Amino acid sequence: MSAEADTGAPRGAVHLDDARQALGRGAAVVLPNPAPLTHVVTAIAPRTVNEAKARPPGRPVALWAHHPETLRTIAAVTELDAAGTALAARLLAEEHLTLLLPLRAGIRRPAWLAPACKDGRVLLFGARWRPLRPLLDAHPVLYVSSANRTGRPPAATTAEALAMFPSTVPVLRAPHPDDEPAGGPARQATTTVAVHPDGRLTLHRQGAQDRPHPHPDDYLGHLRARYAARPPIVP
């Protein structure tokens with residue numbers, strides 16, 4: 001059902017303060033991302049994310065790994081060593097990837113991590129776009145998924161998100177008009193990369209970041225070369 005069908009008339013996107021209030025009261029909110037990424041839907045409860053997407057409430061969702069304390073907690077329960085943890089943090093912050101990290105067996109984990117865990121790995125989303133930081137940083141634990149209803153592609157524009165989601169799910173307007181230029185680059189959901197205990201990287205799902213590379217192995221080679229040679233960027 002479209003948003004127009006819910007209200008009887010087209011609705012508009014909301015401002016940052018409206019989105020912050022909606023998140024605070026437990027609603028799901030659709031947020032934009034910088035090109036070439038599509039929109040995402042987020043909430044403080046995983047069930048709310050799934051309900052917004054019209055899928056079963058118990059489905060695993062990604063944890064939005066945007067808060068330093070959240071990242072430190074996650075690092076303590078993975079099988080990655082210090083170098084692997086540093087690499088994962090950089091891939092999240094600089095490459096805006098979605099990551100699968102291996103979990104240590106037999107160690108107690110915080111309850112809020114469980115919705116993002118499956119088959120011994122945790123799923124993390126890493127984009128922390130500067131215009132969204134006032135909203136994100138108020139919520140150390142957020143769950144996130146691509147902004148689509150079941151069976152449909154992720155929303156690439158504000159207009160697509162407004163048409164796809166019901167009026168109970170606010171859609172944040174793009175921070176600047178130029179963020180959604182007509183005829184801009186095609187958008188896609190994030191590439192998902194698995195980081196293994198020995199530091200290997202494998203491609204789990206193709207997406208926006210690996211698209212410019214002719215073969216998945218080329219993109220993985222690009223990551224290895226780039227992040228082995230450059231110092232970290234402080235966000």
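**Exercise 1. Find which residues lie nearest the centre of the largest pocket, and which elements line it.**

Start with the lining: 26 residues surround the largest pocket, and Ala62, Thr98, Leu123, Thr192 and Arg205 lie nearest its centre. Next, look at the elements: β4, β5 (117-118), β6, β7 and β9 (201-205) give two or more residues to this lining. Finally, add the volume, which is about 590 Å³ for the largest pocket. Keep in mind as you work that this is a predicted model.

**Exercise 2. Work out how far the model's confidence carries along the chain.**

Begin with the average: the protein has a mean pLDDT of 89, and 89% of the residues score at least 70. Then check residues 1-9, where the pLDDT is below 50 and the stretch has 17 contacts in the model beyond near neighbours in sequence. Now turn to residues 230-235: here too the pLDDT is below 50, with 8 contacts beyond near neighbours in sequence.

**Exercise 3. Describe the largest nonpolar core and place leucine 99 in it.**

First, the size: the largest nonpolar core holds 41 residues, and Leu99, Leu101, Val122 and Leu223 have the most contacts inside it. Second, the suppliers: among the elements that each bring at least two residues are β2 (40-43), α3 (46-52), α5 (82-93), β4 (98-102) and β8 (192-195). The largest share, 4 residues, comes from α8. Third, zoom in on leucine 99: leaving aside neighbours within four places in sequence, leucine 99 is in contact with Ala88, Leu91, Leu92, Val122, Leu123, Leu124, Val193 and Val195. Apart from the largest core lies another, of 21 residues, including Ala22, Val29, Val40 and Val144.

**Exercise 4. Classify the aromatic pair.**

Count first: there is 1 aromatic pair. The ring centres of tryptophan 64 and phenylalanine 125 are 5.1 Å apart and their planes stand at 70 degrees, so the pair is edge-to-face; the cut-off for that class is over 60 degrees. Now locate the partners: tryptophan 64 sits in strand β3 (residues 62-64) and phenylalanine 125 in strand β6 (residues 121-125), so that the pair links distant parts of the chain, 61 residues apart. Both tryptophan 64 and phenylalanine 125 are buried.

**Exercise 5. Decide whether histidine 139 is buried or exposed, and list what it touches.**

Locate the residue: histidine 139 is in the loop between α6 (133-136) and β7 (143-146). Its relative accessible area is 14%, and buried means under 20%, so histidine 139 is buried. To finish, histidine 139 touches Leu23, Gly24, Ile44 and His66, not counting residues up to four places away in sequence.

Notes: Residues numbered from 1 in each chain as written. Predicted model: local features only at pLDDT ≥ 70, side-chain atom pairs only at ≥ 80, totals over all residues. Heavy atoms only, no water. Buried < 20%, exposed > 50% of the residue type's maximum accessible area, 1.4 Å probe, protein only. Contact = heavy atoms within 4.5 Å. Phe/Tyr/Trp six-rings, centres within 6.5 Å; stacked < 30°, edge-to-face > 60°. Core = buried A, V, L, I, M, F, W, Y, C linked by side-chain atoms within 4.5 Å. pLDDT = per-residue confidence, 0-100. 1 Å grid on protein atoms, 1.4 Å probe; cavity = no way out; pocket = protein on both sides within 12 Å on 5 of 7 lines; lining within 4 Å. Points joined across faces, edges and corners; volume = space filled by probe spheres on them.
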